[in-house]
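Visitor: I am in my first year of study and would like a close look at one part of this model. Could you choose a residue, explain the words you need as you go, and then lead me outwards from there?

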Amino acid sequence: MIEKFLIGTYTTKLSKGVYEIDLDTDKKELKNLQFVAKGRNPTYVAMSKDNKIYSVDKAENGAGGAMALDASTRPTTEINRCINESTNPAYITVDEQRQFVYTANYHTGEVMVYKIESDGSIDFQNKVVHEEHVGPRPEQQNGAHPHYADLTPDNRLVVVDLGQDRVYVYDINDEDGSLTEVSCLHMEPGFGPRHIVFDPKKHLAYLVGELSSKLAVLRYDAENGSFEVKHIVDTIPHDWADHNGSAAIRMSEDGRFIYVSNRGNNSLAVFEAKDNDKVARVQLIPTEGDFPRDFNFNSDESFVIAVNQNSDNATLYARDKESGKLSVIQKDFMVPEGVCVAQEY
């Protein structure tokens, strides 16, 4: 069986834009790196059920926004670009129910809402701006830095702001995409929250801190859209003295295991979810490359693909569903400047 994944990249060295790779689940290997679309730093990509690709993008003048692509051909056909900020976003996602696209703009402190039109093109609709806030770490001292904006299990928008050490929940207006703040969680100073995943069955969320290299277990109350911190653990060994920035976070579909990538320690940390709103780290495995920004499961979660941005390679792991642990089965597959791994429909 062949499964396809989109790869978002930086375009500072070898990469020309968005790529695609195949996972052969029978041969247990990655193959067929294919060029998909030209872009400038299309670091995050998302695919709609209507076979459209939405990617962050950057114009020649340094302004940024998002682009829409028709995924029916390779290379793809550009539908349109919506460039309206001073730099490109850090995250993008699709709201299938409302037909919106959301982006988190790390450098400008803004969360943008775009409307998906009938032809798949996008138009800017609305935004919220996070006010300046000075945190204790150097990365936070120039203001708000939203790094993630995606849907909660109850169809609100959760926004993770690294610069503010805060996690926001917004109600979304179905008509114009306007956002109304419901709650705001203040994490400990310097936590540097980056990405979040939800376990709707347990009413929990797992929040990774880039600047602190920590994982927080949060209880989520859907009635009022608020969070409560229950447990915080390290994603790297206590004696690690060099720089590390935790990045992506994924959760197995059964909610038993949580995975975090570590850039610097160059590893994937595997955590087992416990019954008392806690987690325990059960494995720390190298990514066989430098600066693993993102990773993802395949469709049945028997494999994990990680991309190493600085060493231009992807690593394939086999995943044991009972223990949650990973084992390397391929480590030298060339992917230029990979920073996002997105499953295709």
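Guide: A strand, in the sense used here, is a DSSP run of type E with at least two residues, and strands are numbered from the N terminus. With that word in hand, please keep in mind that this is a predicted model, and let us begin with His-147, which lies in strand S12.

Is His-147 buried or exposed? Buried means under 20% relative accessible area, and His-147 counts as buried because its relative accessibility is 5%. If you look around this residue and leave aside its neighbours within four places in sequence, you will find it in contact with Ala-90, Tyr-91, Ala-104, Tyr-106, Val-160, Leu-162, Arg-194, His-195, Glu-210 and Arg-293. One of these partners, Arg-194, deserves a second look, since the side chains of His-147 and Arg-194 are joined by a polar contact of 3.0 Å.

Strand S12 itself spans residues 146-151, and the loop between this strand and strand S13 (157-161) is the place of Asn-155. The phi of Asn-155 is near 70 degrees, a positive value in a residue that is not glycine. To see why this is worth pausing over, recall that most residues other than glycine have a negative phi, and that most peptide bonds are trans.

From Arg-194 we can move to the strands around it. Strand S16 covers 193-199, and it is one of the two edge strands, each pairing on one side only, of a sheet whose other edge is strand S19 (226-234). The sheet is open and made of four strands in the order S16-S17-S18-S19, with antiparallel pairing, and the twist from one strand to the next averages 25 degrees. Within this sheet, strand S18 (residues 214-221) and S19 pair in the antiparallel sense over eight bridges, and Leu-215 stands opposite Val-233 in S19.

Between S16 and strand S17 (204-209) there is a loop, and His-203 has its place there. Like the asparagine we met earlier, His-203 is not a glycine and yet has a positive phi, of about 60 degrees. In its exposure His-203 is partly exposed, with a relative accessible area of 45%, whereas His-147 is buried.

A further backbone feature is found in the loop between strand S6 (64-70) and strand S7 (77-85), where Pro-75 is placed. The peptide bond that joins Arg-74 and Pro-75 is cis, with omega about -5 degrees.

Let us also visit the beginning of the chain, where strand S1 (residues 2-9) is mostly covered, six of its eight residues being buried. Six bridges join S1 to strand S2 (residues 17-24), and these two strands run antiparallel; five bridges join S1 to strand S28 (residues 338-343), again in the antiparallel sense. Phe-5 shows both pairings, for its bridge partner in S2 is Ile-21, while its bridge partner in S28 is Gln-343.

Last come the cysteines, where you might ask how many disulfides the structure holds. It holds zero; Cys-340, for instance, is in no disulfide, and the nearest cysteine sulfur, that of Cys-82, is 20 Å away. Cys-340 is buried, with a relative accessible area of 1%, whereas Cys-184, at 26% relative accessibility, counts as partly exposed.

Note on methods:
Residues are numbered from 1 along each chain as its sequence is written. This is a predicted model: local features need pLDDT of at least 70, side-chain atom pairs count only at pLDDT 80 or more; totals for chains, interfaces and linings use all residues. Side-chain values use heavy atoms; hydrogens and water are left out. Two strands pair if DSSP finds at least two bridges between them. Axes are lines fitted to C-alpha atoms, for helices over the stretch in contact, and angles run from 0 to 180 degrees between N-to-C directions. Buried means under 20% relative accessible area, exposed over 50%, partly exposed in between (1.4 Å probe, protein chains only). A polar contact is a pair of N or O atoms within 3.5 Å; within protein, one must be able to donate a hydrogen and the other to accept it, and residues adjacent in sequence count only if both atoms are side-chain atoms. Contact means heavy atoms within 4.5 Å. A disulfide is a pair of cysteine sulfur atoms within 2.5 Å.
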